[in-house]
Amino acid sequence: RGVLRVHTRMDTRLLTIRLVPGFDDKILRHLIRAGAESGTLRALVLQLYGTGNAPSAKKEFIECLKEATELGILVVAATQCHIGSVAMGHYATGRALERAGVVSSNDMTLEATACKISYLMGRGDLSRDEIADLMTVSMRGEVTHTDALPPPPFSSAYQRGRRKGKYFY
């Protein structure tokens, strides 16, 4: 594996936010705008529900994240769960997040996500889009490749019944 190299050029201009039911997205919008204007925010890590779900009824929330990515802020979706991964392409909310430019952290822990972002931004030779692409690439075993992750679980008895060819539950 080679000689141990310690990287000291870390860019820690990132913020992690754990979403809770009923949060006010106006506060998030204010943080994003203020951070972008002052240059103190380069990345935003959102701890979403379950496999990367966010409130689907809050159109303003998705628009806020789209605005963040347009301002050059890297927005990363992480899970609040101890086990599992963010599966953004499997549900309508996740697809809306993807269209807004949000990147998945897959199965990385919050700490691994923050360290990876800080390291990649600290290099100084990568664009926001290049960093976004590298979030899904395992550099030191911190993330499982998407193809190796198990499929998302069926979310309801109805879906499990349909899979078995039954129409009752």
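**Exercise 1. Which residues of the largest nonpolar core touch the most other members?**

Work it out on the predicted model shown above.

*Step 1.* Begin with the core itself, which holds 24 residues. The members that touch the most others are Leu-28, Leu-44, Leu-46, Phe-61, Leu-65, Leu-97 and Val-102.

*Step 2.* Now look for the elements that supply this core. At least two residues come from each of H1, E2, H2 (59-70), E3 and H3 (92-99). The biggest contribution, five residues, is from H2.

*Step 3.* Next, set this core against its neighbour. Another core, of 17 residues, lies apart from it, and its members include Val-76, Leu-126, Ala-132 and Val-143.

**Exercise 2. Find the residues that are in contact with Phe-61, leaving aside neighbours within four places in sequence.**

*Step 1.* Select Phe-61 and gather every residue with heavy atoms within 4.5 Å.

*Step 2.* Drop the sequence neighbours, and the list reads Leu-19, Phe-23, Asp-25, Leu-28, Leu-46, Ala-54 and Leu-97.

*Step 3.* Compare this with Exercise 1: Leu-28, Leu-46 and Leu-97 also appeared there, among the core members that touch the most others.

**Exercise 3. Work out the order of the strands in the sheet, and name those at its edges.**

*Step 1.* Start from E1 (residues 14-18), which runs parallel to E2 and is joined to it by five bridges. One pair to look for is Leu-15 opposite Leu-44 of E2.

*Step 2.* Move on to E3 (residues 74-79), where six bridges link E2 to this strand, again in parallel. Here Ala-43 faces Leu-74, and Leu-46 has Ala-77 as its bridge partner.

*Step 3.* Put the pieces together: four strands make an open sheet ordered E1-E2-E3-E4, with parallel pairing. E1 and E4 (103-104) are the edge strands, each pairing on one side only.

*Step 4.* Finally, trace the connection from E1 to E2. With helix H1 (residues 25-38), these two strands build a β-α-β unit that is right-handed.

**Exercise 4. Decide whether the faces of E2 are covered or open.**

*Step 1.* Use the cut-off for buried, under 20% relative accessible area. Six of the six residues in E2 (residues 43-48) are buried.

*Step 2.* Split the strand by side. Ala-43, Val-45 and Gln-47 belong to one face, and Leu-44, Leu-46 and Leu-48 to the other. Both faces are covered.

*Step 3.* Look at what crosses the sheet here. Helix H4 (residues 110-123) lies across E1, E2 and E3, and it runs at about 165° to E2.

Definitions and conventions. Residues are numbered from 1 along each chain as its sequence is written. This is a predicted model: local features need pLDDT of at least 70, side-chain atom pairs count only at pLDDT 80 or more; totals for chains, interfaces and linings use all residues. Side-chain values use heavy atoms; hydrogens and water are left out. Buried means under 20% relative accessible area, exposed over 50%, partly exposed in between (1.4 Å probe, protein chains only). Two strands pair if DSSP finds at least two bridges between them. A crossover is right-handed if, with the strands pointing away from the viewer, the path from the first strand over the helix to the second runs clockwise. A nonpolar core is a set of buried Ala, Val, Leu, Ile, Met, Phe, Trp, Tyr and Cys residues joined through side-chain atoms within 4.5 Å. Axes are lines fitted to C-alpha atoms, for helices over the stretch in contact, and angles run from 0 to 180 degrees between N-to-C directions.
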